[in-house]
Amino acid sequence: MANEKVSDVKDVKHGLGNYQQVRRLVLAVLVVVLFLALLFGQSTFPPDTPVHETIEMFGVLLIFLGIVGRLWATLYIGGRKSSEVVTGGPYSITRNPLYVFSTVAAAGVGAQIGSFSAVILFAVLCAGAFHIVILREEKFLKEALGAPYADYLQRVPRFFPRLSLYQEGDTGSFKPRLLLTTLLDGLVFLIALPAFELIDGAQLSGMLPVWFTLP
């Protein structure tokens, strides 16, 4: 019986690990595709204007908020997602804080073009892609964690945080390796900062053509 239980836990961890790999892949593909698409796009607010630079700085704040939020979520989940229902900290206000904060950071990446609509576009596309992953992951966790997870689904919203539900909770057994992995995953967002500065310079010099503009 004990061997069967250990085997079941391993199967759950393996299955959930596959979903986490899909999450990282989705995140990387989204950033790369949107970055390539905006190589030839420009804001209607020219670079070096106050509006353009204000949007960029707002985006930098979103990127750092997204990275810090992802680290906060990792402190609580700490490898426990496959073995128990985590309901404390960010998981008390949204079932998917890692996806929420990734979407916030993606909006910050969009802001680096200096466009309001790019902020919204990046956030919507990222949230839409993650929604598909979330639905598959929820189905898996319902089977793996049973009634406690079903109750959690009823109490806590899937995506948009409900701050009134916040509870401190317990971080459990913290694993520094997971925190490092999350930090490295989040650094992909920071690539947008120098990358879009280079794009702005190339477009202003005429090295890159501008095929479309976004307000």
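**View 1. Confidence along the predicted chain.** In this predicted model, helix H1 (residues 2–37) has the lowest mean pLDDT among the elements of the protein chain, 58, and helix H5 (residues 147–155) has the highest, 94. Over residues 1–13 the pLDDT is below 50, and this stretch has five contacts in the model beyond near neighbours in sequence. Here pLDDT is the predictor's confidence in each residue, from 0 to 100; helices are DSSP runs (H or I) of at least four residues, numbered from the N terminus; a contact means heavy atoms within 4.5 Å. Where pLDDT is low, please do not read the predicted coordinates in detail.

**View 2. Tryptophan 72 beside phenylalanine 101.** These ring centres are 6.3 Å apart with planes at 65°, so the pair is edge-to-face (centres within 6.5 Å; planes under 30 degrees apart are stacked, over 60 edge-to-face, the rest tilted). Tryptophan 72 sits in helix H2 (residues 50–77) and phenylalanine 101 in helix H3 (residues 97–111), so the pair ties together parts 29 residues apart in sequence. Phenylalanine 101 is buried at 14% relative accessible area, while tryptophan 72 is partly exposed at 28% (buried is under 20%, exposed over 50%, partly exposed in between; 1.4 Å probe, protein chains only).

**View 3. Tyrosine 166 joins the cluster.** Tryptophan 72 and tyrosine 166 form a tilted pair, 6.3 Å centre to centre with 35° between the planes. Tyrosine 166 lies in the loop between H5 and helix H6 (176–190), 94 residues from tryptophan 72, and is partly exposed at 35%. Ring pairs thus link Trp72, Phe101 and Tyr166 into a cluster.

**Notes.** Residues are numbered from 1 along each chain as its sequence is written, and side-chain values use heavy atoms, leaving out hydrogens and water. As the model is predicted, local features need pLDDT of at least 70 and side-chain atom pairs count only at pLDDT 80 or more, while totals for chains, interfaces and linings use all residues.

Note on methods: Helices (H or I, at least four residues) and strands (E, at least two) are DSSP runs, numbered from the N terminus. Rings of Phe, Tyr and Trp (its six-membered ring) pair if their centres lie within 6.5 Å; planes under 30 degrees apart count as stacked, over 60 as edge-to-face and the rest as tilted.
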